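Colleague: I've got a model open on my screen and I'd like to learn how to read its helices and salt bridges. Could you walk me through it?

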Amino acid sequence: MFYKIFQIKFRLNVCVLAVILSVLIISGCGVEAAKNPVTVTKTAENPVENPAAVLNAPLNAGLKTAIKIEANSPADTVRAFYQKMREKNYRDALFLTNLRPAIEGLTETEFKDLQVDFDALAGQIPADVAINGEIIVKDAATVTAKLPDVETGQIELQEIKLRRENSVWIILTLDEEAEKFVKKEGKNYFFTLKIETHQAEAKAMLERIYKAQLIYSAQNGGLFGDIPALVQSGFLPADVKTSASTGYNFNLSLAFDKKSYSASAEPAVYGKTGKLSFIFNVGGKQKAIIKSKDNKGKPVKK
């Protein structure tokens, strides 16, 4: 799922950034054909003689690693990655993946700017990651492990892809196109992703405000509410009141008679949490019209 989420330029356009950051939980996808607790190492010198027996083996109900892990093997790399993530040693963990170009140029100060996002993910990694299988074909490998699904939280068998480079195994968190983008962006990658995510979420929040106002006004004689009223009514999440998690400051202006309103959103720190400023007005037939502009962090005029 590490792979799924990182494709905004990675699901990382399959899932979207549930935020940077569910990115770091699972790098594979649910496995049906490989639900298998048996150790499987497949190389040109040591082919699997009976793959059917492997695939039909029962799924181990426990959460203990079901194979012997050799030093410096793909399974050992996966184990080390999750261990370093749990220990919050994020730099060393990500050096084991093809996200390395996005990490190696970061200063300590820049890395600390991403710390909060990584910390939120580290807490979701189970204490014991059960590795169930390993398949190696020349310089490619697949490791199966029991990990929580990024969307449901349920423990499922996941596939983790790896590639051997200079005798070292690296975890493939990105597809080929996204990997090229990471190499191009270098240390700016995470910050570019974070800005894009915050901007998409800011626009989505304004759309949510619009929908919340429709319901609120229907229940209050055609009058609109301010942000505290919409939050108290349960129509908006509490984090709309702060930029801590959203990276944006949201403002809602009510007319004196509360029969009309406008809303806007500006990045809390221009160039760091976002670049675009947003504004929306309610047009004819109560249709929301959202406009955005890189206004150097300042509000967009109506």
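Modeller: Sure, we'll take one helix and then some salt bridges. Keep in mind that this is a predicted model.

Colleague: Let's start with H3. How many residues does H3 have, and what span does it reach?

Modeller: The general idea is to compare the end-to-end C-alpha distance with what 1.5 Å a residue would give. H3 runs over residues 74-86, which is 13 residues, and reaches 19 Å from first C-alpha to last, close to the expected 18 Å.

Colleague: Which residues of H3 are buried?

Modeller: Buried here is a cut-off on relative accessible area: under 20%. In H3 the list starts with a run, Pro-74, Ala-75, Asp-76, Thr-77 and Val-78, and then adds Phe-81, Tyr-82 and Met-85.

Colleague: And what happens to the backbone just after H3?

Modeller: Look at the phi of Lys-88: it is positive, at about 65°.

Colleague: Now the salt bridges. How many does the structure hold?

Modeller: There are 10. One of them sits inside H3, where the side chains of Asp-76 and Arg-79 meet at 2.9 Å, N to O.

Colleague: Why are Asp-76 and Arg-79 about one helical turn apart?

Modeller: Because they are three residues apart in helix H3. For the surroundings, check each partner on its own: Asp-76 is buried at 18% relative accessible area, while Arg-79 is partly exposed at 41%.

Colleague: Which salt bridge should I look at for a link between distant parts of the chain?

Modeller: Try Glu-110 and Lys-187, whose side chains meet at 3.2 Å, N to O. Glu-110 belongs to helix H6 (residues 108-113), and Lys-187 to the loop between helix H8 (176-185) and helix H9 (189-219), 77 residues apart. Glu-110 is partly exposed, with 21% relative accessible area, and Lys-187 is partly exposed too, at 30%.

Colleague: Where is the partner of Asp-113, which is also in helix H6?

Modeller: Asp-113 forms a salt bridge with Lys-272, at 3.4 Å, N to O. Lys-272 lies in the loop between strand S6 (261-267) and strand S7 (276-282), 159 residues from Asp-113. Both ends count as partly exposed: Asp-113 has a relative accessible area of 29%, and Lys-272 has 40%.

Colleague: Which residues do shared partners join into one network?

Modeller: Arg-163, Glu-165, Glu-179 and Lys-183. To read a case like that, follow the salt bridges from partner to partner, since sharing partners is what joins these four residues.

Notes
Residues are numbered from 1 along each chain as its sequence is written. This is a predicted model: local features need pLDDT of at least 70, side-chain atom pairs count only at pLDDT 80 or more; totals for chains, interfaces and linings use all residues. Side-chain values use heavy atoms; hydrogens and water are left out. Helices (H or I, at least four residues) and strands (E, at least two) are DSSP runs, numbered from the N terminus. The expected span of a helix is 1.5 Å times one less than its number of residues. Buried means under 20% relative accessible area, exposed over 50%, partly exposed in between (1.4 Å probe, protein chains only).
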